[in-house]
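Colleague: I am new to this structure and would love a close look at one part of it. Could you pick a residue, walk me through its surroundings, and then lead me outward from there?

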Amino acid sequence: LEVFGVNHEDRVFHRAQARANSATWSPWEEIGGRMRAVAADTNSDGRIALISVDGAGRIFWKGQRTANRNDWRGWEVLPGTLMTTFVRKELAVNTNVVGWEQVVVSADIYLRAGESRQVIGQALAMLKNAEHSSMDITTAVQCVDSTGKQVGTSTWAETSLLPEQPDSLRPALLFRAPVDGLYTCRLLISSGSTKDAMTAYATWTYLSWSDFDEVGSHWWNNPECNSRGELPKCTYLGPGEPKNSTYIFYDDRTPLYRWKAADDAKGFKMIANVELTTCYEGTASCGGRGGGAKSSTVVSHMEAVRLDSQGRQCALYRSADRTDVIYNTPHHYNIPYASMGASIDSTAACGSSRTFLFRIFLKHVAGNPVKIDGTSYDQIGTLTQTNGYMINTYS
C-alpha cells in the first residue's frame with residue numbers, strides 16, 4: 001500500500017508499506033510540486049498515476065515510470081481549470097454588538113506568497129435599546145498576521161441603523177498574501193456607541209472566501225478622503241460642485257490601471273462597493289458643505305470597458321442602472337454592486353484583446369451634494385470604503 005497527501009504548505013508527500021500487510025512504513029518523502037489536493041489510482045500494469053489540483057485550480061498529473069519503484073515523471077498540466085469555490089463560515093448565534101470593532105466571525109487561511117483570495121463578509125443587524133433616533137454601523141473585512149497586525153488593506157462599509165429596522169452590509173476584499181504564512185481573516189462590526197446595542201443575526205451574518213488562488217486578479221480603491229471630508233482628493237457631486245457625475249477609478253484621481261485577463265481565462269467577474277455621504281446643512285462630514293434638502297438622489301452602475309489593440313473602447317459590459325436615495329438620517333450609505341461577469345470572446349471589433357478598464361459611473365440627480373467616501377490611513381493600516389476588483393473565470 002502507498003499513501004499520498006499534501007501538507008498545509010501544499011507540498012506533496014508519499015510513504016509506502018515495507019511489504020503487503022506490514023505494519024512497517026517508509027518515512028514521509030516529498031515528491032515535488034505545490035498542490036492543494038491529490039488523488040491516486042493504479043494502472044492495469046501496476047504503475048501509480050496521480051491527479052492533483054494546485055492553488056489556482058489548475059489540474060496536473062504525474063505517474064510512475066516503473067511499477068513498485070520510486071521513479072516518477074514530472075508534473076504535467078492538463079487542459080481546463082476548476083471553478084473557484086467558496087467556503088462559508090456563519091455566525092452561530094444571534095450576538096449583541098456594543099462599541100468598536102467586535103470580531104463576530106473569523107477564519108484561518110494558509111497562503112503562499114503572492115496568492116490571492118476573495119474574502120466577502122455580510123452582517124445583518126438591527127438596532128435595539130437605542131438612546132438616539134439612529135446609530136452608525138460599520139462592517140469590515142480584514143486579514144491579520146499571527147501578531148494580530150493588519151496585512152494589506154481592509155474594506156469597510158457603513159450605514160446608519162434606525163430602531164427596529166434590520167439592514168445589511170456586504171464588504172468584499174481581494175486579499176493578497178505578501179509572504180507564506182497563516183492569516184486570520186475576520187468580519188468586524190462596530191456599533192458606534194458604547195451604550196446602544198445592536199443585534200447581529202446568526203446565519204445571515206457570515207464570512208466567505210474563495211478556495212483557490214485568484215491568479216491575475218486586481219484590486220482598486222479610490223483616493224484618500226477623511227471622515228470630515230476636508231482633503232483635496234475628496235470627490236463631491238451635486239449643487240455647488242464642479243461636476244454632477246464621475247467615473248470612480250477612472251477620472252477621480254485614482255491611478256489609471258488597464259487590467260488584462262489571463263490568456264486561458266474564459267471570462268471575468270467584477271464586484272464593487274461605493275460608500276456615499278449626503279451633505280446636509282450642519283453635517284460635520286462634508287468639509288463645510290451642506291444643502292437644505294432632506295436627501296440626495298444618485299444613479300449609478302458598474303462597468304468593464306474592453307479595449308482593442310489601439311486602446312479604444314470596443315465593448316462595454318455593465319450592470320443595470322440603479323437609483324439610490326440617501327436621507328439625512330441615515331446620512332451614510334453603502335451601494336454594493338453584486339458580482340457580475342461575462343465571457344471573453346474574440347469579436348470583429350475587439351479581436352483577441354483581453355484588456356479592460358474597470359469603473360463605476362455615479363451621477364447626482366437631486367437633493368444635497370454627496371461625498372464619495374475614500375481611503376484613509378490610521379494606526380490600523382489602510383482602510384478603504386469605495387473599492388472593487390476583477391478576477392479571471394475559467395468556466
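Modeller: Here is a tour that starts at threonine 386 and moves outward from there. Please keep in mind that this is a predicted model.

Let us begin with the place of the residue. Threonine 386 sits in the loop that joins β31 (382–384) to β32 (387–393). Is threonine 386 buried or exposed? Its relative accessibility is 0%, and because buried means under 20%, threonine 386 counts as buried.

What surrounds it? Beyond the neighbours within four places in sequence, threonine 386 is in contact with residues from several stretches of numbering: Trp220, Asn221 and Asn222, then Ile248 and Phe249, then Asn273, Val274 and Glu275, and finally Ile372 and Asp373. Two polar contacts of the side chain can be picked out here. The side chain of threonine 386 reaches the backbone nitrogen of glutamate 275 at 3.2 Å. A polar atom of that side chain also lies 2.6 Å from the backbone oxygen of aspartate 373. For a sense of distance, serine 191 is 195 residues away from threonine 386 in sequence, and the two are 20 Å apart in space, C-alpha to C-alpha.

Several of these contacts lead on to other features. Trp220 and Phe249, both in contact with threonine 386, belong to one aromatic cluster together with Tyr257 and Phe358. Asn222 and Ile372 are also contacts of threonine 386, and they help to line the largest cavity, along with Pro223, Glu224, Cys225, Lys233, Thr235, Asp252 and Gly374. That cavity has a volume of about 40 Å³, and the count of cavities of 30 Å³ or more comes to one.

Now to the aromatic rings. How many aromatic pairs does the structure hold? There are twelve aromatic pairs. One of them joins phenylalanine 4 and tryptophan 72: the ring centres are 5.7 Å apart and the planes stand at 85 degrees, so this pair is edge-to-face. The pair links distant parts of the chain, 68 residues apart, with phenylalanine 4 in strand β1 (residues 2–6) and tryptophan 72 in the loop between β6 (58–63) and β7 (76–81). Phenylalanine 4 counts as buried at 17% relative accessibility, and tryptophan 72 counts as buried at 12%.

Another pair brings us back to strand β32. The rings of tryptophan 219 and tyrosine 389 have centres 6.3 Å apart and planes at 20 degrees, so they are stacked. Because tryptophan 219 lies in strand β19 (residues 218–221) and tyrosine 389 in strand β32, the pair ties together parts that are 170 residues apart in sequence. Both tryptophan 219 and tyrosine 389 are buried.

Rings can also have a charge over them. The charged end of arginine 289 sits over the ring of tyrosine 236, 3.7 Å from its centre. Likewise, the charged end of arginine 88 sits over the ring of tyrosine 206, 3.7 Å from the ring centre.

Arginine 88 gives us a last stop, serine 208. Among the contacts of serine 208 beyond its neighbours within four places in sequence are Arg88, Phe86 and Val87, as well as Gln118, Val119 and Ile120. Serine 208 is found in strand β18 (residues 206–210), and it is buried, with a relative accessible area of 6%.

Key: Residues numbered from 1 in each chain as written. Predicted model: local features only at pLDDT ≥ 70, side-chain atom pairs only at ≥ 80, totals over all residues. Heavy atoms only, no water. Helix = DSSP H or I, 4+ residues; strand = E, 2+ residues; numbered from the N terminus. Buried < 20%, exposed > 50% of the residue type's maximum accessible area, 1.4 Å probe, protein only. Contact = heavy atoms within 4.5 Å. Polar contact = N/O pair within 3.5 Å; in protein donor to acceptor, adjacent residues only side chain to side chain. Phe/Tyr/Trp six-rings, centres within 6.5 Å; stacked < 30°, edge-to-face > 60°. Lys NZ or Arg CZ within 6 Å of the ring centre and 35° of its normal. 1 Å grid on protein atoms, 1.4 Å probe; cavity = no way out; pocket = protein on both sides within 12 Å on 5 of 7 lines; lining within 4 Å. Points joined across faces, edges and corners; volume = space filled by probe spheres on them.
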